[in-house]
Amino acid sequence: MRLSVANYSFEVLPLEATLMVCRSLGFSAVDIAGFYQRGKCSFEPQDVAADPHRQADSLKPLLEKYQLAVTDFFPQFGAAPSLHSLNDPDEAVRAENLRFVRGAAQFCQLIGAPGMTILPGVDHVSRTLAENLAVSVEYLRQAVAIAAEYGVEVRFEPHMGSVADTPELALHLVNHVPGLKVTLDIAHFMLQYIPMERIYALIPHTGHVHVRQAKPGKLQVAHADGVIDFPDLIARLKAVNYRGRSQLNMSARTGLK
């Protein structure tokens, strides 16, 4: 299993500078950000949807220049997970999200990225959790089908506040959406004091991994202060024949606590 690094770990820098840093650190693979109105290094989801070829043409020469392959594209459609969520109460917003998914899938195909990570939707207060899960399942199925047209894998990242804030809810989505994979960031569960024994169930369904140290109640800490046993995680991934990359993910916004 090999490592990649997120270009958005250095999101205060322009796009090319982030790729230069990634390469200078010795990485040969990178995850690319598609966050809405966030940072200088990110591709805007609406721009990608409007013209994926143009956006890919702006990135491919830089990837070649710095000899980097892309392992994942991570679009986020709104300024917060609850805004423009995949299971938004507004049907028009949900339809636009699928347009974003199609553009992102085309973009991935053009830049050679095998997969894309999206957020699964949130637990909107206007509906029950069961209703929110049902809408997420419906639109994740459509997202998987759209991406499959371009040979791209869809992964979702479970996180606090989402419809998949626990391993059990994440498994519910996987079990109801054939072909869907998990982007596993254990830190999101550590933040909620969820023990590793429950998280292990997601490993057979993992398509991508985000690597950062955390501890109960803290999303990100210095390596020496963390409790995640990464050698054990790697062994468990190997045991299920995981063939993806593990991406080093250090959020400048979160910082080290």
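Where does arginine 2 lie? Arginine 2 sits in the segment that comes before strand 1, which covers residues 3-6, and I would like to start there and then work through the rest of the chain, keeping in mind throughout that this is a predicted model. With a relative accessibility of 58%, above the 50% cut-off, arginine 2 counts as exposed. Leaving aside residues up to four places away in sequence, arginine 2 touches Gly244, Arg245 and Ser246. By contrast with those contacts, proline 61 is 59 residues from arginine 2 in sequence and 23 Å from it in space, taken from C-alpha to C-alpha.

Let me step back to the whole chain. The protein chain has nine helices and eight strands. Its radius of gyration is 17 Å, which is close to the 18 Å that the globule rule gives for 257 residues, so the chain is as compact as a globular protein of that length. Along its principal axes, the C-alpha trace spans about 45 × 45 × 35 Å. Buried residues account for 54% of the 257 residues, while the area that the chain exposes comes to about 11100 Å², with 54% of that area supplied by carbon and sulfur atoms. If we take the contacts between residues at least 6 apart in sequence, 76% of them join residues at least 24 apart.

For a look at the interior, I have chosen valine 30, which belongs to strand 2, residues 29-35. Is valine 30 buried or exposed? Its relative accessible area is 0%, and because buried means under 20%, valine 30 counts as buried. Not counting residues up to four places away in sequence, the residues that valine 30 touches include Ser4, Val5, Ala6 and Asn7, then Leu19 and Cys22, and, further along the chain, Leu63 and Leu68 together with Ala69, Val70, Thr71 and Asp72. Proline 14, which is 16 residues from valine 30 in sequence, is 15 Å from it in space, again C-alpha to C-alpha.

Helix 6, residues 167-176, gives us another view of buried side of the chain, since its buried residues are Pro167, Leu169, Ala170, Leu171, Leu173 and Val174. Those buried residues pack against helix 5 (129-148), strand 5 (153-156), strand 6 (181-184), helix 7 (186-190) and helix 8 (196-199).

Next, the empty space inside. How many cavities of 30 Å³ or more does the count come to? The count comes to one, and the volume of the largest cavity is about 100 Å³. That cavity is lined by 13 residues, and those lying nearest its centre are Phe77, Pro81, His84, Ser85 and Leu119. Sorted by class, the lining has eight nonpolar and five polar residues, and no charged residues.

Finally, I would point out two glutamines whose backbone angles deserve a mention. Glutamine 37 has a positive phi of about 45° although it is not a glycine, and it lies in the loop between strand 2 and helix 2, residues 45-50. At 58% relative accessibility, glutamine 37 counts as exposed. Glutamine 67, likewise not a glycine, has a positive phi of about 55°, and its place is the loop between helix 3 (52-65) and strand 3 (69-76). Glutamine 67 is exposed as well, with a relative accessible area of 56%.

How values were computed. Residues numbered from 1 in each chain as written. Predicted model: local features only at pLDDT ≥ 70, side-chain atom pairs only at ≥ 80, totals over all residues. Heavy atoms only, no water. Buried < 20%, exposed > 50% of the residue type's maximum accessible area, 1.4 Å probe, protein only. Helix = DSSP H or I, 4+ residues; strand = E, 2+ residues; numbered from the N terminus. Contact = heavy atoms within 4.5 Å. 1 Å grid on protein atoms, 1.4 Å probe; cavity = no way out; pocket = protein on both sides within 12 Å on 5 of 7 lines; lining within 4 Å. Points joined across faces, edges and corners; volume = space filled by probe spheres on them. Nonpolar A, V, L, I, M, F, W, Y, C, P; charged D, E, K, R; others polar. Rg over C-alpha atoms; globule rule 2.2 N^0.38 Å. Areas by Shrake-Rupley, 256 points an atom, 1.4 Å probe, with all protein chains shown as cover.
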